[in-house]
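Biologist: I'm new to this one. Can you put it up and walk me through it?
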Amino acid sequence: MTQAAEPVVRNVDARHRYEILVEDVSAGFTAYRDHDGQRVFFHTEIDDAFAGRGLASVLVQQALSDVRATGRRIVPVCPYVAKFLKKHEEFAGITDPVTPEILQWLDTALAR
């Protein structure tokens, strides 16, 4: 029995998302838009074929760590990211609240 490869998370900046790959197959993503030094996460999705493996947690953990490394702040519009942040206090210092202004900006940004 061979050991399963560790999932790989990569930032695909051109597509505004972090993707998680399992053995070179895309298993899911968390989507964002950047706004005034903030990375606004608005949707996270794991393919049904990969559900139940904890991949969303791995994906979001690595995405948020990358945001911290770039000096940006996190805005968790995505319910999964918001839930993750409640359990992971280490990101509290770089997390901004979701405001009506951010939601309005995001609607405009996504409509393009």
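Modeller: Here you go. This is a predicted model. Of the 112 residues in the protein chain, 38% count as buried.

Biologist: What does the secondary structure come to?
Modeller: The protein chain has three helices and five strands. From the N terminus on, the order is β-β-β-β-α-β-α-α.

Biologist: What about the overall dimensions?
Modeller: Along the principal axes, the C-alpha atoms fill a box of roughly 50 × 35 × 25 Å. The radius of gyration is 14 Å, which agrees with the value near 13 Å for a compact globule of 112 residues.

Biologist: And how much accessible surface is there?
Modeller: About 6,700 Å² for the protein chain, and 51% of that belongs to carbon and sulfur atoms.

Biologist: Back to the strands. How do E3 and E4 pair?
Modeller: They pair in the antiparallel sense, over eight bridges. E3 covers residues 25-35 and E4 covers residues 38-46. One bridge puts Thr-30 opposite Thr-44 in E4.

Biologist: What sits between those two strands?
Modeller: The hairpin of E3 and E4 has two residues between the strands. Asp-36 in this hairpin takes a positive phi near 50°.

Biologist: Which way do E4 and E5 run, parallel or antiparallel?
Modeller: Parallel, with four bridges joining E4 to E5, residues 73-76. Arg-39 has Ile-74 in E5 as its bridge partner.

Biologist: How does the chain cross from E4 to E5?
Modeller: Through helix H1, residues 55-70. This β-α-β crossover is right-handed.

Biologist: Let's zoom in. Where is His-43 found?
Modeller: In strand E4. His-43 is partly exposed, because its relative accessibility is 31%, and partly exposed runs from 20% to 50%.

Biologist: What does His-43 touch?
Modeller: Leaving out residues up to four places away in sequence, His-43 touches Phe-29, Thr-30, Ala-31 and Cys-78. There is also a polar contact of 2.7 Å between the side chains of His-43 and Glu-45.

Biologist: What general rule covers side chains along a strand?
Modeller: In a regular strand, side chains alternate between the two faces of the sheet.

Biologist: And how far is His-43 from Asp-107?
Modeller: Their C-alpha atoms are separated by 13 Å. Along the chain, these two are 64 residues apart.

Biologist: New residue: Arg-17. Buried or exposed?
Modeller: Buried, because its relative accessible area is 14%, and the cut-off for buried is under 20%. Arg-17 lies in strand E2, residues 17-22.

Biologist: Which residues is Arg-17 in contact with?
Modeller: Setting aside neighbours within four places in sequence, the contacts of Arg-17 are Arg-10, Asn-11, Val-12, Phe-29, Thr-30, Ala-31 and Tyr-32. His-43 touches Phe-29, Thr-30 and Ala-31 too.

Biologist: Now a helix residue. Where is Val-58 found?
Modeller: In helix H1. Val-58 counts as partly exposed, because its relative accessibility is 27%.

Biologist: Which residues does Val-58 touch?
Modeller: Pro-7, Val-9 and Ile-20, not counting residues up to four places away in sequence. Val-58 and Val-9 are 49 residues apart along the chain, with C-alpha atoms separated by 8.2 Å.

Biologist: So what share of contacts comes from residues far apart in sequence?
Modeller: Take the contacts with a separation of 6 or more. Residues 24 or more positions apart account for 44% of those.

Key
Residues are numbered from 1 along each chain as its sequence is written. This is a predicted model: local features need pLDDT of at least 70, side-chain atom pairs count only at pLDDT 80 or more; totals for chains, interfaces and linings use all residues. Side-chain values use heavy atoms; hydrogens and water are left out. Two strands pair if DSSP finds at least two bridges between them. A crossover is right-handed if, with the strands pointing away from the viewer, the path from the first strand over the helix to the second runs clockwise. Buried means under 20% relative accessible area, exposed over 50%, partly exposed in between (1.4 Å probe, protein chains only). Contact means heavy atoms within 4.5 Å. A polar contact is a pair of N or O atoms within 3.5 Å; within protein, one must be able to donate a hydrogen and the other to accept it, and residues adjacent in sequence count only if both atoms are side-chain atoms. The radius of gyration is taken over C-alpha atoms; the globule rule is 2.2 Å times the number of residues to the power 0.38. Accessible areas come from the Shrake-Rupley method with a 1.4 Å probe; for residues, only the protein chains shown count as cover.
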